[in-house]
Amino acid sequence: AVITNGREAVTRYKSIRTMGAYTLLHVFPETGRTHQIRVHFSYLGHPIVGDPIYSKRSNLLSRQFLHAHLLGFRLPSSGKYMEFKSPLPQIY
């Protein structure tokens with residue numbers, strides 16, 4: 001939950017496409033807090049579709065509609081930068 005004295009968490013986002021009541025976003029979490037994206041969008045009044053914890057399940061999908069297209073980070077053990085890509089699956 002977002003709380004006044006909680007640890008800082010920063011999430012940037014960019015709107016890609018609006019489809020009726022839904023919007024596809026590119027989301028860039030600058031910090032790595034647990035459930036950060038889900039908590040922030042729920043707090044803003046725009047929860048992730050199908051999120052069973054911060055919203056409600058959806059009849060549109062069998063899972064929450066949160067997909068990591070690109071993850072990149074430095075390994076703590078070596079400092080080596082690693083990047084992983086996964087295209088958005090076709091849902092129609």
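User: What makes up the lining of the second largest pocket, by class?

Analyst: Keep in mind that this is a predicted model. The lining of that pocket has 5 nonpolar, 5 polar and 3 charged residues. As for its volume, the second largest pocket comes to about 260 Å³. It is lined by 13 residues, and Ala-1, Val-2, Arg-7, Ala-9 and His-40 are the closest to its centre.

User: His-40 is in that group, so to speak. Why is His-40 called what it is, buried or exposed?

Analyst: Its relative accessibility is 18%. The cut-off for buried is under 20%, so His-40 counts as buried. His-40 is found in helix H1. Leaving aside residues up to four places away in sequence, His-40 touches Val-2, Ala-9, Val-10 and Thr-11.

User: And H1 overall: what makes it count as mostly covered?

Analyst: Just the tally: 6 of the 8 residues of H1 are buried. Those are Gln-36, Ile-37, Arg-38, Val-39, His-40 and Phe-41. The cover over the buried residues of H1 includes E1 and E2. After H1 comes Gly-45, with a positive phi near 90°.

User: Which aromatic pair is edge-to-face, and how do you know?

Analyst: The count comes to 2 aromatic pairs. In one of them, the rings of Tyr-13 and Phe-41 have centres 5.1 Å apart, with planes at 65°. Rings pair if their centres lie within 6.5 Å, and planes over 60 degrees apart count as edge-to-face. Both tests are met, so the Tyr-13 and Phe-41 pair is edge-to-face. This pair links distant parts of the chain, since Tyr-13 is in strand E1 (residues 11-19) and Phe-41 is in helix H1 (residues 36-43), 28 residues apart.

User: How do you know whether Phe-41 is buried or exposed?

Analyst: Phe-41 has a relative accessible area of 6%. Under 20% means buried, so Phe-41 is buried.

User: And its partner, what makes Tyr-13 the class it is?

Analyst: Tyr-13 has a relative accessible area of 46%. Buried is under 20% and exposed is over 50%, with partly exposed in between. Tyr-13 therefore lands in the middle class, partly exposed.

User: What about the class of His-35, and why?

Analyst: At 30% relative accessibility, His-35 also sits between the 20% and 50% cut-offs, so it counts as partly exposed. His-35 lies in the loop between E2 and H1.

User: Which value of phi does His-35 have?

Analyst: Phi of His-35 is near 60°. That is a positive value in a residue other than glycine.

User: Moving on, why does Ile-53 count as it does, buried or exposed?

Analyst: Ile-53 has 55% relative accessibility. Exposed means over 50%, so Ile-53 counts as exposed. Ile-53 lies in the loop between H1 and E3. Not counting residues up to four places away in sequence, Ile-53 touches His-35 and Arg-38. Its C-alpha atom is separated by 23 Å from that of Ser-15, and the two residues are 38 apart along the chain.

User: How much space lies in the largest pocket?

Analyst: About 2000 Å³. It is lined by 49 residues, with Leu-25, Val-27, Phe-65, Leu-66 and His-67 nearest its centre. The elements giving two or more residues to that lining are E1, strand E2 (22-29), H1, strand E3 (70-74) and strand E4 (81-85).

User: Which element gives the most to the lining of the largest pocket?

Analyst: That's E2, with 8 residues.

User: What are the residues of that lining of the largest pocket, divided into nonpolar, polar and charged?

Analyst: They split into 28 nonpolar, 15 polar and 6 charged.

User: Zooming out, what pattern does the protein follow along the sequence?

Analyst: It reads β-β-α-β-β. There are 1 helix and 4 strands in the protein. Its C-alpha trace spans about 45 × 35 × 20 Å along the principal axes.

User: What share of the residues in the protein is buried?

Analyst: 12% of the 92 residues. The accessible surface comes to about 7700 Å², and 54% of that belongs to carbon and sulfur atoms. On contacts, among those between residues at least 6 apart in sequence, 21% join residues at least 24 apart.

Definitions and conventions. Residues numbered from 1 in each chain as written. Predicted model: local features only at pLDDT ≥ 70, side-chain atom pairs only at ≥ 80, totals over all residues. Heavy atoms only, no water. Phe/Tyr/Trp six-rings, centres within 6.5 Å; stacked < 30°, edge-to-face > 60°. Buried < 20%, exposed > 50% of the residue type's maximum accessible area, 1.4 Å probe, protein only. 1 Å grid on protein atoms, 1.4 Å probe; cavity = no way out; pocket = protein on both sides within 12 Å on 5 of 7 lines; lining within 4 Å. Points joined across faces, edges and corners; volume = space filled by probe spheres on them. Nonpolar A, V, L, I, M, F, W, Y, C, P; charged D, E, K, R; others polar. Contact = heavy atoms within 4.5 Å. Areas by Shrake-Rupley, 256 points an atom, 1.4 Å probe, with all protein chains shown as cover.
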